[in-house]
Every structure is written in structure tokens, then in C-alpha cells.
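Good morning, colleagues. Please turn to the sequence and structure on the screen, and I shall take you through some of the features.

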Amino acid sequence: MKEKIAQYIKDIQATSIENFKDKGAEVEMFRIKYLGKKGLVSELFEQFKTIPNDQKKEVGQILNQLKVAAQNKIEEFKSYVENAKEFEDIHDLTMPTNFSEIGSRHVLSVVMNEITEIFSRIGFTVAESVEIEDDWHLFSALNFPPDHPARDMQDTFFVEKTEGRQEVALRTHTSSVQVRVMENSKPPIRIIAPGRVFRNEAISARAHCIFHQVEALYVDKKVTFADLKQTLLYFAKEMFGADTQIRLRPSYFPFTEPSAEMDISCNICGGKGCNICKGTGWLEILGCGMVDPNVLQSCGIDPKEYTGFALGMGVERMAMLKYQIRDLRLYFENDLRFLKQFEAIV
């Protein structure tokens, strides 16, 4: 019996699928021959019952080797057949493969890049800085009074708030980049500061604790409010279309004086009034103003010699207006149904 088992093992190892004509059918026949209910392995196990007890251990070991050898060979054959099926429909092996689906830019990246490109055409360069800022660059240098609400825990994520020491927080605006540039550069200065900012707000369809801003700063001799207005008009027409109109409304910001908020004519209804612009025909998009002399002085720039303007906008707000997105949370939820809508945008 041992000789018979040894011969079967040799036969199994010597069998090659290359010799099979109908590979699928002959693999199944091979399986039935050795591992079927009436196959050779089952037959040998029946004979195993009749051999003397003192031989059962040795014979049982080689009988198990036979079974394992048959199982391994069948798995090898099946793998060969399955792999071969993948190439059955391929007639021209020189044809290119099917490429995997590629991703696309996020809509916020698209809008931020577009804003950056528009300002770069008129001489603005990109400036970036850290997202964790100290009190000086975040508030004090920007003319925020000690009791300003923005310093409160309800609006700011403080990283370190120790009595008698300078506070450290996640930046609430990219205006801190403007401060760092003015401290380390001499006018003329013409920069934009795109980046991520953080505010301690409840997340809803119209608010989020993380969002993105792009701010612009221009400091030079004899910069006027007229320069600011023409820059804003140029940006609005490039971003939203040549027919876009703007209006400026007086406002207040600690770091600019005078200050204004800018509206554009609603690009949905053409200024006639709709639910997007709440019937007014206008949409607010950014805040702006002339840089406060106190801010220039804090950054080491002589306000008697130089003037400047600054403006800032939310990227999420721009994307909402440009692509009619109604819920801020969609930007951060990684929902492929939402993201795929912007695949065609370069």
C-alpha cells in the first residue's frame, strides 16, 4: 500500500496542465479522480481500515501527504484557469489598459486657485505663514482693543492662554500673514494671503469651525481708496463675469479706516431679485478698507509716508455663490456624489 501511495504522489507531481486540451473540464476530471467520493484517496482510506495497527501511523502520514499533494495541485490548476479567463477577450495585446479612475481638485482648491490667479495678473504675489499664531500678530498689531469680542473663548480656539504671558491660538483670519509681511518687508508691498482659518462656532449649513480665506494687501506711497475700488471692480468682473456690478457699504474693522463691505450684483437673477439674494439683487462677498495708520506704525511702516488698502474674503462663500452650493458642510464630508460634480473644472 505504501508503494501505491508513493506512486500516486509522483503521478500528481508530474501532471502538468499544459498537457490538458480542455483545461477546465480536465481539471475537474483530475479532481474527481483523486478527491471525488469514489476517487483514489477515498479508496485508500477505506483500505487503511484493514491494515495492522502497528503500521497505521506510518501509512496514515503518507496517506495525508497524498491528499495534501492532490489538493495543492488542484488549487494550482484552478488558479491557472481563472487567470487565463482574464485574457480570453483580449485579441490585441498592444491595446492600452483600462486606467483606474483618477481624482480631481476639490472645489475649494479650484476657487482659491482662481482667486489667486486673478490677483497675480495685477502684480500680487502669494504670502503664507503659520496657522498657530501669537496674540501680537493675530490681534494686537491689527489694532484689536483688549476687550474685543474676537479675543473671547467663544470665537477663538486658544492653544495656550496663560495669565501674564502672550496667548497662542489657531488663527482666526489670515490678516496675521499681512502683519508678518509688513514687519519683514519694506514698501511697496503687494501680496495675497490664502489659507485655512479656525473659529469656535457651531457647525451648520451656513457656518463651520474651519474655513478658508484669501486676503490682499497693498502698501505704497499715495495709495488711495480709488485704487481699492478699481481693484475690487476688476476682481468682481474677472470672477463673476463682465456684467457684474459692485457697491460699497460703510462698515467697521479694527485694522482698516475707512472700512467697507462690498456687494456684487446677483449673478443668479441678474440683479432683479431672487431667493439667493433675498430679493435685494445684491450679494455680499468681502470686507475691505484702507489700512489703519496704527497698524502700519505697529509693523514699523511710517504712516505719514505710506498708505495702503486691505481686503479679505471667504473662499467657501465664493464657491457657494459661483456654484450655488447651499450647505457649507458639504465641503468637508468627502461625499463622492458632491465631489464628482466638479471633475470637469480645471
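**Helix packing and sheets**

Let me begin with a pair of helices: helix 5, residues 107-120, packs against helix 10, residues 315-323, at an angle of about 100°, and their axes lie 9 Å apart. Helix 5 is therefore roughly perpendicular to helix 10. I should say at once that this is a predicted model.

Which residues make up this contact between helix 5 and helix 10? On the side of helix 5 they are V107, L108, V110, V111, M112, E114 and I115. Helix 10 contributes V315, E316, M318, A319, K322 and Y323. Sorted by class, the contact comprises ten nonpolar and three charged residues, with no polar ones.

I turn now to the sheets. One is an open sheet of seven strands, in the order 1-5-6-10-9-8-7, and its pairing is mixed. At its edges stand strand 1 (125-126) and strand 7 (246-253); each has a single partner strand, so one side of each is left without a neighbour in the sheet. Within this sheet, strand 5, residues 189-198, and strand 6, residues 210-220, run antiparallel and are joined by ten bridges. In that pairing, A193 stands opposite E215 in strand 6. Helix 7, residues 175-184, packs on the sheet and touches strand 5, strand 6 and strand 10 (307-314). The direction of helix 7 makes about 35° with that of strand 6.

There is also an open sheet of three strands, ordered 2-4-3, with antiparallel pairing. Here strand 2 (132-134) and strand 3 (158-160) are the edge strands; since each has a single partner strand, one side of each lacks a neighbour in the sheet. From one strand to the next, the twist averages 35°. Strand 2 and strand 4, residues 168-170, run antiparallel and are joined by three bridges. D134 stands opposite V168 in strand 4.

Next, a few individual residues. How many disulfides does the structure hold? The number is zero. As for cysteines, are C209 and C266 buried or exposed? C209 has a relative accessible area of 17% and is buried. C266, at 2% relative accessibility, also counts as buried, because the cut-off for buried is under 20%.

Finally, consider V68, which is found in helix 4, residues 53-85. Its relative accessibility is 43%, so V68 counts as partly exposed. V68 and I9 are 59 residues apart along the chain, and their C-alpha atoms are separated by 9.6 Å.

Thank you for your attention.

Note on methods: Residues are numbered from 1 along each chain as its sequence is written. This is a predicted model: local features need pLDDT of at least 70, side-chain atom pairs count only at pLDDT 80 or more; totals for chains, interfaces and linings use all residues. Side-chain values use heavy atoms; hydrogens and water are left out. Axes are lines fitted to C-alpha atoms, for helices over the stretch in contact, and angles run from 0 to 180 degrees between N-to-C directions. Helices (H or I, at least four residues) and strands (E, at least two) are DSSP runs, numbered from the N terminus. Angles under 35 degrees count as roughly parallel, over 145 as roughly antiparallel, 65 to 115 as roughly perpendicular and the rest as oblique. Contact means heavy atoms within 4.5 Å. Ala, Val, Leu, Ile, Met, Phe, Trp, Tyr, Cys and Pro count as nonpolar, Asp, Glu, Lys and Arg as charged, and the others, Gly among them, as polar. Buried means under 20% relative accessible area, exposed over 50%, partly exposed in between (1.4 Å probe, protein chains only). Two strands pair if DSSP finds at least two bridges between them. A disulfide is a pair of cysteine sulfur atoms within 2.5 Å.
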